[in-house]
Amino acid sequence: MKVAVSIHASEDFSTEILKQLKNLDIIHLDVMDGKFVPNLKLNIDILKSIKEEFDLPVEVHLMVEDPLNYIDKVVDYIDIFLFHIEIDENIQDIINKVKSNDKKIGLVINPDTEISQLEQYLPNIDVILVMGVHPGFSGQKFLDSTAIRVKEISKYKEKYSIEISVDGGVNLETSKKLSQADILISASAILNAEDPNYVIKELKKR
Ligand code: DX5
Ligand code: ZN
């Protein structure tokens, strides 16, 4: 299992906390526009310092209505682009734009969205990110339906080369139900832990 720590690319974020974390596989950056989700957070300087200071793949989770407008701004600092299937934009155009920059692409699906909506994009994406909470804030309770959804989505792996990641409410307990996932993303379970490196180590064993 790969493990990602989730952080908000906001004004007050310091990379110091990340320096203490061992065995991470990915850094997951949440970007919110205050429209798609009621929260506004983006600080390009943080992205720059993360790219400079850490030798890890960086993924950006764009909780925004118009991902196309963000790609050019952050492309130099990002390895994987994740955006929501629920937006009112042409999804294929966004996939094409990310691919033309030679970056990996993932679609994010909210808890109430029909899984079948992903199907037409499966040949063209690298990751499906399954939300374990309604997006917007860290520290929310994991929705139990997520485990069933991950199981269902994992059937797509028989035919397509896709990784499944789970974001929101992931902790040492809830992760036990997520063995079909490839990547577990966590903010509070890691960052609020007394021993964050113990949590990372245990999540990796799932
Ligand atoms: C939810 C974000 C998540 C969130 C995870 O809107 O996309 O990445 O920060 O936080 P935890 O792990 O605390 O649920
Ligand atoms: Zn996220």
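Biologist: Hi! Before we look at the metal, what counts as octahedral for six donors?

Modeller: Six donors count as octahedral if opposite donors are over 155 degrees apart and all others lie between 65 and 115. Keep in mind that this is a predicted model.

Biologist: Okay, so why is the arrangement around the zinc ion (ligand 2) octahedral?

Modeller: The zinc ion (ligand 2) has six donor atoms around it, and they subtend angles of 68 to 172°, which makes the arrangement octahedral.

Biologist: And what would the ideal angles be for six octahedral donors?

Modeller: For six octahedral donors the ideal angles are 90 or 180 degrees.

Biologist: Nice. Which residues coordinate the zinc ion?

Modeller: H28 does so through NE2, H61 through ND1, and D30 and D167 through OD, at 2.1 to 2.2 Å. Along the sequence, these donor residues follow the spacing H-x1-D-x30-H-x105-D.

Biologist: Are H28 and D30 buried or exposed?

Modeller: Both of them are buried.

Biologist: Switching topic: where does ligand 1 sit?

Modeller: Ligand 1 takes up the space of the largest pocket. It is surrounded by 18 residues, and the closest are D30, G136, D167, G169 and S188.

Biologist: D30 and D167 again! How far are their side chains from an oxygen atom of ligand 1?

Modeller: For D30, a side-chain N or O atom is 2.7 Å from an oxygen atom of ligand 1. The D167 side chain also has an N or O atom 2.7 Å from a ligand 1 oxygen.

Biologist: What about G169?

Modeller: There a backbone N or O atom lies 2.8 Å from an oxygen atom of ligand 1.

Biologist: How much of ligand 1 does the protein bury?

Modeller: Taken alone, ligand 1 exposes 380 Å², and the protein buries 100% of that.

Methods
Residues numbered from 1 in each chain as written. Chains lettered and ligands numbered in written order. Predicted model: local features only at pLDDT ≥ 70, side-chain atom pairs only at ≥ 80, totals over all residues. Heavy atoms only, no water. Donors = N, O, S within 2.8 Å, 3.2 Å for Na, K, Ca; no water. Tetrahedral: all angles 85-135°; square planar, octahedral: opposite > 155°, others 65-115°. Buried < 20%, exposed > 50% of the residue type's maximum accessible area, 1.4 Å probe, protein only. Near = heavy atom within 4 Å. Polar contact = N/O pair within 3.5 Å; in protein donor to acceptor, adjacent residues only side chain to side chain. Areas by Shrake-Rupley, 256 points an atom, 1.4 Å probe, with all protein chains shown as cover. 1 Å grid on protein atoms, 1.4 Å probe; cavity = no way out; pocket = protein on both sides within 12 Å on 5 of 7 lines; lining within 4 Å. Sits in = over half its atoms within 2 Å of the grid points.
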